[in-house]
Amino acid sequence: MRTQEHIPVRLQDYRPYPFSISHVSLVFDLHPTRTIVTSRLIIDRKPHEWAKGEALQLDGVGLDLLSVEINGQPVAAQDYHLGEDGLTLKSVPDSFKLETKVAINPAANTALSGLYMSAGRFCTQCEAEGFRHITFWPDRPDVMSRFHVRVEAPEADFPSLLSNGNRVAIGQYDDGRHWAAWDDPHLKPSYLFALVAGGFDTLEDQFTTRSGRTVDLCIYVDKGAASRAIYAMDALKRSMTWDEEVFGREYDLDMFNIVAVSDFNFGAMENKGLNIFNSALLLADETTATDADYEAIEAVVAHEYFHNWSGNRVTCRDWFQLSLKEGFTVFRDQEFSADQRSRAVKRIKDVKALRARQFPEDSGPLAHPVRPKSYVKIDNFYTATIYEKGAEIIRVLQTLVGRDAFLEGANLYFDENDGTAATIEDWLHAMRTATGNQLHGIERWYDQAGTPCLEAISDYDAATQKLTIRFQQSTPDTPGQSSKSWVPLPISMAFFGPDGAPLQLRLAETDIAADDWLIPMASTSLELQFEGVADRPVVSYMRGFSAPVRLITNHSDADLALLAACDTDPFVRWESTQTIARNTLLSVAQSLAAGREPDVRQDLARAFQGALADAARDPAFTALLLRLPDVSELMQLQPLCDPSNLLAARAFVRSLLAEQLDAELSACFAIYDPAQAFSASAQAAGQRALMAACLDLLCASGTDRAAMRAENTFFAARNMTDMMTALDGLSQFGGARYHAALAAFKQRFTDNALVMDKWFRVQAMALCEDPLQTFKNLRVDPSFTLLNPNRVRALGGAFASGNPAAFHRVDGTGYQAIADLIADVDSTNGALAARLGTVFESCSRVNEPRQKLAKRTLQVLLDRNSLSANTREILSKIYDGLIA
């Protein structure tokens, strides 16, 4: 195997940049194949001994240097060095003005990092290290400057010229070109720079801040798509209000612009005053977007807006502190969405996402701390660990200190670090100062990889009427880390009697009695005793998922059934139902593997019956209760597994539930009226989610009646949610009905790229017929392209992650199909290929024959001379973690 060396960047090697750049003036003379960028910098050497005599080193990749001047005088060739990675000026004054002029080719930039073309428009993506593809600059987040930008282009082709901050001037030339000047009054690092030029339709509005300032809001979209940005605009205004009311943070510019682009490696980018969005996370109407799309748009619009403070006004010192802005902002957008919708449903969905994406990452070859010690390509660390686990750490901290104290600490952090590049230590210092809580051990959450395991064993002594609970926590070894220490855990608990009624218990040898408990655990083990307990109680642990742990209890089946039926905490009720389902599925899988007829208990059916009986109270919550754990989740619970066996077990249980609950499911499904007017409200979305959950289980019966239900729902659907629900149902059957629906879908939406992504995704995840052959057919479909990240994810990502039995085929052909796709994508977009490569991480959980096949497949990829550093870093780690 080729082992090409890439020098890692290490946290311990961090050194401040020896120069400050107070002001940068950029002039862009835009042309698709030869854009000229003129940069004028005001530079001062920092007044420290360690900065004396340092050369000026500027990052720059793929730039055609046209000229370089210091204080208006050309720099001789022997006085600078131009390398593949940048420009070094060997001897410079302590204070000077530097001007460089470069030429770049945006049309050839298929990596979508820096300045590139998308649908005939200019667009930028500079996080993490894209600015070095635009001009020479110290491309690191701790170099913060004031930017003034002038953009010039032919007006007929590029009528809108946008950049960061406030637009301060516009003008025209006699030759049909025009220009716009933008000034950002706030210091920012280069990764927050943005530029967009092109023709758009716009949706305009205004927002009045609590101090009375008027902010002009504008969303730039494709021609004819302005009406599909209405929901995003509403979400933006609600976000601005929420941040003022909850965190006391007001927007600080005269205008806020958002641009939707179709070719984007990520979801969205929080550039100061000019957010750039993947169109998939901005455009929505009832005929093209599902309820999940609406939820995602609301969350992502809020996320990028909230970055204005947690990321822009206060940024991160270096990329090792990435979760300082991303984890914190994810927490903020989760809280916003919880306030807009059902807090209980939102919390469960966040936990489901954490377990689906971050828990596997934390237990596999790609495990890394929230603050990693080193990286080769920082693009590869925009991970679920940084984002979702980072958000959970913030939630742990809030739970430990209390919400009011937490908000006080957060605002102290903003005030103390405004306009600076901060560290996690700065964040924790503000929190400790404001709350008076030393938060012992909290740093370990950032520095240790792996998901902590919390064992909670209860023991009731009827003779003494004492309940003893023993807690033990541990974190497993991960690549490069072993012998982990304890982390602070807030343990939220309650107790229920045999009849399901809440109990108030008294802590032994104290006068403290309560029905809800929050116990801070700051040690490896903890023992609690409660006195005067008349009957054996059932303990409800980690209510609200109070810490991101894997919980092990000695709950009996009866205990789980009681909590599933009676717990007043929605999360624990859902979790207890899911635990019954997991136990059932794994038991069936063991029976099938041994060739035995499964003996399925009635606990799961009774739990589902109870959920259906209570469906009217909270349809969205009931819909979550009715969804069985998927194969990917089961793979985490059964090391060295056979995914096909788990898929068979899941199909068996779903079919059994469909038979046992046919009357209840049918009655619940019949309540939904597909002809009712569409509403994007949480209540209406919950009703559609319940209908979808019922139809999904009804289709598991495999009956013609169920197939007809799905077919009728598809052709009667008046919104995209119902349509996709029906198409998912039909995908369980395959055959003429399914293909007729697919054909009708494609005919109707063939000109809408975002909707066609759904067409690819539903087929890539379908279990019917031959999933691998379907994947191969879609790869050569005229609508498929390697150049659009959304389309690549809709096919490759959906197949490998959503169809695990097909991806992990025992003959290895599923691995080869994805490897071929990765190789093709890598030739044009290494960052996208690396992200797609992470799907091989699941190979560490399959049985030995499959692991060996995966390893051989990866070896061929790693032997390619042309493999990008991004993809090589990811695949090498996965390769090393597989059985030889």
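**Exercise 1. Placing Gln 340**

Task: Leaving aside its neighbours within four places in sequence, find which residues Gln 340 is in contact with, and decide whether Gln 340 is buried, partly exposed or exposed.

Solution: Once the neighbours within four places in sequence are set aside, the contacts of Gln 340 are with Arg 238, Trp 242 and Glu 298. The model is a predicted one, and in it Gln 340 belongs to helix α3. With Arg 238 there is a polar contact between the two side chains, at 2.8 Å. For the second part, the relative accessible area of Gln 340 is 30%, and since buried means under 20% and exposed over 50%, Gln 340 is partly exposed. As a last step, compare sequence with space: Gln 340 and Ile 170 are separated by 170 residues in sequence and by 39 Å in space, C-alpha to C-alpha.

**Exercise 2. Two helices that pack**

Task: Determine how helix α3 and helix α5 are oriented to each other, and list the residues that make the contact.

Solution: Begin with the geometry, in which α3 (residues 322-340) and α5 (residues 384-401) pack at an angle of about 70°, their axes lying 7 Å apart. Angles of 65 to 115 degrees count as roughly perpendicular, and α3 and α5 are therefore roughly perpendicular to each other. The contact is made on the α3 side by Leu 322, Ser 323, Glu 326, Gly 327, Phe 328, Val 330, Phe 331, Gln 334 and Glu 335, and on the α5 side by Ile 386, Tyr 387, Gly 390, Ala 391, Ile 394, Arg 395 and Gln 398.

**Exercise 3. A hairpin with an enclosed strand**

Task: Work out how β10 and β11 are joined, and explain why β11 can be called largely enclosed.

Solution: First consider the pairing: strand β10 (residues 114-118) and β11 run antiparallel and are joined by five bridges, with Tyr 116 standing opposite Cys 123 of β11. The two strands form a hairpin with two residues between them, and in that turn Ala 119 has a positive phi of about 55°. Next consider burial: because five of the five residues of β11 (residues 121-125) are buried, the strand is largely enclosed by the rest of the structure. In a regular strand, side chains point alternately to one face of the sheet and to the other. Both faces of β11 are covered, for Arg 121, Cys 123 and Gln 125 are buried on one side, and Phe 122 and Thr 124 are buried on the other.

**Exercise 4. An open sheet and the helix across it**

Task: Give the strand order of the open sheet of five strands, identify its edges, and state which helix lies across β17, β18 and β19.

Solution: The order is β17-β18-β19-β21-β20, and the pairing is mixed. At the edges stand β17 (201-208) and β20 (268-269), each having a single partner strand, so that one side of each is left without a neighbour in the sheet. Within the sheet, β18 (residues 214-221) and β19 (residues 255-261) pair in the parallel sense over five bridges, and Ile 219 has Ile 258 in β19 as its bridge partner. Helix α1 (residues 230-247) lies across β17, β18 and β19, and runs at about 20° to β17.

**Exercise 5. Two buried polar residues**

Task: For Ser 190 and Asp 293, establish the relative accessibility, and then find a polar partner for the side chain of Ser 190 and of Asp 293.

Solution: Ser 190 lies in the loop between β15 (177-183) and β16 (195-198), and at 0% relative accessibility it counts as buried. Its side chain joins that of Asp 139 in a polar contact of 2.7 Å. Apart from neighbours within four places in sequence, the residues in contact with Ser 190 include Cys 126, Phe 131, Trp 137 and Phe 147. Asp 293, by contrast, is located in helix α2 (residues 291-306); with a relative accessibility of 18%, Asp 293 also counts as buried, because the cut-off for buried is under 20%. The side chain of Asp 293 reaches the backbone nitrogen of Thr 290 at 2.8 Å, and, residues up to four places away in sequence not being counted, Asp 293 touches Thr 288 and Lys 758.

Note on methods: Residues are numbered from 1 along each chain as its sequence is written. This is a predicted model: local features need pLDDT of at least 70, side-chain atom pairs count only at pLDDT 80 or more; totals for chains, interfaces and linings use all residues. Side-chain values use heavy atoms; hydrogens and water are left out. Buried means under 20% relative accessible area, exposed over 50%, partly exposed in between (1.4 Å probe, protein chains only). Helices (H or I, at least four residues) and strands (E, at least two) are DSSP runs, numbered from the N terminus. Two strands pair if DSSP finds at least two bridges between them. Axes are lines fitted to C-alpha atoms, for helices over the stretch in contact, and angles run from 0 to 180 degrees between N-to-C directions. Angles under 35 degrees count as roughly parallel, over 145 as roughly antiparallel, 65 to 115 as roughly perpendicular and the rest as oblique. Contact means heavy atoms within 4.5 Å. A polar contact is a pair of N or O atoms within 3.5 Å; within protein, one must be able to donate a hydrogen and the other to accept it, and residues adjacent in sequence count only if both atoms are side-chain atoms.
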